[in-house]
Amino acid sequence: MQILGGVGSNNVTPDVEYLVIAGGGGGGGPNGGGGGGAGGYRTAAGLAVVAGTSYTVTIGNGGAGSTTQAVAGTAGQNSVFASITSDGGGAGGGSGNGGAGGSGGGAAGYDGSVGGTATSGQGSAGGTGQGVISGRSRAAGGGGGAGGVGGNNSGENAGNGGSGLASSITGTSVTRAGGGGGGSFTEYGGGGSGGSGGGGSQNFPSTAGTANTGSGGGAGSHYLSVLSDGAAGGSGFVAIRFANTFDVAASTTGSPTYSNTGGYHIYQWTSSGSVTF
C-alpha cells in the first residue's frame, strides 16, 4: 500500500489494529440449563500486513440453543482475521458442566456442576449451578463474558452472564461479547452487558444473543408443564483500522462497511470475506 502524497513506495504497508470476536455459545436446554459463553474476544494494534496479500475474514455463527431437557447448547464458531483466530463461545451446560470456549458456558443446575473454562486472553469462565432446591427446579450458572466471569447461582436464582468489553475501533464505543444468563424455576439470569441473552424462568422465555456481538444465548427453564428452550448465541464480528495517511485497501470481499473517521480507514465485517492491502 502506497502512502498518500506519493512519498512512499508500493511495498510500504500500514500496521493494522483489529478486533476479532467469535460466535457466542448457545444456552442449555429446559430445566435449568447454563447460559452460553461469549465468543472469544481478541484486539490489538500493530499487526503487520503485506502488500498484495489477500487476508481471510471469517465471521463465526452463534451456537444453537438446546430444545431438549438436560441437553447442552451448541458452541459458537471461530472468527478469523489473517493469523488471528478467536475461539467460539462455550456451550451452556445441559446436565453438567458448561462447555469450554473463548468464554466458558455456564454450568447446568445440577449439584457439582462447574462453569466451562475460557481460552487464555480471550474471555472468562462460566458460573456454577445447583440441583433441585426446596423441591423445585434447578438454578444454573451464567455464561462467561469477555469482561467478566459468569455468575454463580444464588439459591433458586440463576447466575447472570458475565460482562462484555467495550471497543472504540469503529469510532464509537460499543460493548460486545457478554455472557448469556442461566435458567431457573424462579428468577432467571440476566444477560451480561454487550448484547447477550437472558435465561428463562417461570415468567420469562430465554432470549438470544444479539447478532454480530459474539454474545452468549440465554438458557432454558422449566415451569410446571411449560418449557422454555435455550436460545442461540450471537454471531461474530471483525473490524480493522489503520491510519488514513495510507491508501484504502486494494480490494475487499464480504461487503464490509467502510468509513474514514478520526484519522483512520475503518472496515467492519458482519459476514465472511477478505481484504487485500
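# A tour that starts at strand E1

Select residues 41-48, which are strand E2: strand E1 and E2 pair in the antiparallel sense over six bridges. Two strands are said to pair if DSSP finds at least two bridges between them. The strands (E, at least two residues) and helices (H or I, at least four) are DSSP runs, numbered from the N terminus.

Before you go on, know that this is a predicted model, where local features need pLDDT of at least 70, side-chain atom pairs count only at pLDDT 80 or more, and totals for chains, interfaces and linings use all residues. Residues are numbered from 1 along each chain as its sequence is written, and side-chain values use heavy atoms, with hydrogens and water left out.

**Stop 1: E1 and its partners**

Now color residues 15-21, the run that makes up E1. Is E1 mostly covered or mostly uncovered? It's mostly covered, with five of its seven residues buried. Buried means under 20% relative accessible area, exposed means over 50%, and partly exposed is in between (1.4 Å probe, protein chains only).

On the E2 side, pick Tyr18 and look across to Ala44, which stands opposite. Then add strand E10, residues 237-243, which pairs with E1 in the antiparallel sense over five bridges. Here you can match up partners: Leu19 is bridged to Ala239, and Ile21 to Phe237.

**Stop 2: Glu17**

Stay in E1 and select Glu17. Which residues does Glu17 contact, leaving aside neighbours within four places in sequence? They are Ala44, Ala45, Ile169, Ala239, Ile240 and Arg241. A contact here means heavy atoms within 4.5 Å.

Show the side chains of Glu17 and Arg241: they make a polar contact at 2.8 Å. That term covers a pair of N or O atoms within 3.5 Å; within protein, one must be able to donate a hydrogen and the other to accept it, and residues adjacent in sequence count only if both atoms are side-chain atoms.

Arg241 has something else to show you. Its charged end sits over the ring of Tyr264, 3.9 Å from the ring centre. To count, CZ of Arg or NZ of Lys must be within 6 Å of the ring centre and within 35 degrees of the ring normal. For a second example, select Arg176, whose charged end is over the ring of Phe237, 4.3 Å from its centre.

**Stop 3: E10 and E13**

Go back to E10, where six of the seven residues are buried. Add strand E13 (264-269): E10 and E13 run antiparallel and are joined by six bridges. In this pairing, Phe242 stands opposite His265.

**Stop 4: aromatic rings**

Next, show the rings. There are six aromatic pairs in the count. Rings of Phe, Tyr and Trp (its six-membered ring) pair if their centres lie within 6.5 Å; planes under 30 degrees apart are stacked, over 60 edge-to-face, and the rest tilted.

Zoom in on Tyr55 and Phe81, a tilted pair with 6.4 Å centre to centre and 50° between the planes. Tyr55 lies in strand E3 (residues 54-58) and Phe81 in strand E4 (residues 79-81), so this pair ties together parts that are 26 residues apart in sequence. Both residues are buried. Widen your selection to Tyr55, Phe81, Phe242, Tyr258, Tyr267, Trp269 and Phe277, and you have one aromatic cluster.

**Stop 5: the nonpolar cores**

How many residues does the largest nonpolar core have? It has 19, and those with the most contacts inside it are Phe81, Ile240, Trp269, Val275 and Phe277. E1, E3, E10 and E13 each supply at least two residues of this core. Another core, of nine residues, lies apart from it and includes Ala146, Ile169, Phe237 and Ala239. A nonpolar core is a set of buried Ala, Val, Leu, Ile, Met, Phe, Trp, Tyr and Cys residues joined through side-chain atoms within 4.5 Å.

**Stop 6: into the loops**

Select Asn212, in the loop between strand E7 (174-176) and strand E8 (221-223). Its side chain reaches the backbone oxygen of Gly236 at 2.9 Å.

In that loop between E7 and E8, find Ala177. Ala177 isn't a glycine, yet has a positive phi of about 65°. At 0% relative accessibility, Ala177 is buried.

Finish with Asn31, in the loop between E1 and E2. Asn31 has a positive phi of about 70°, again without being a glycine, and is buried at a relative accessible area of 12%.
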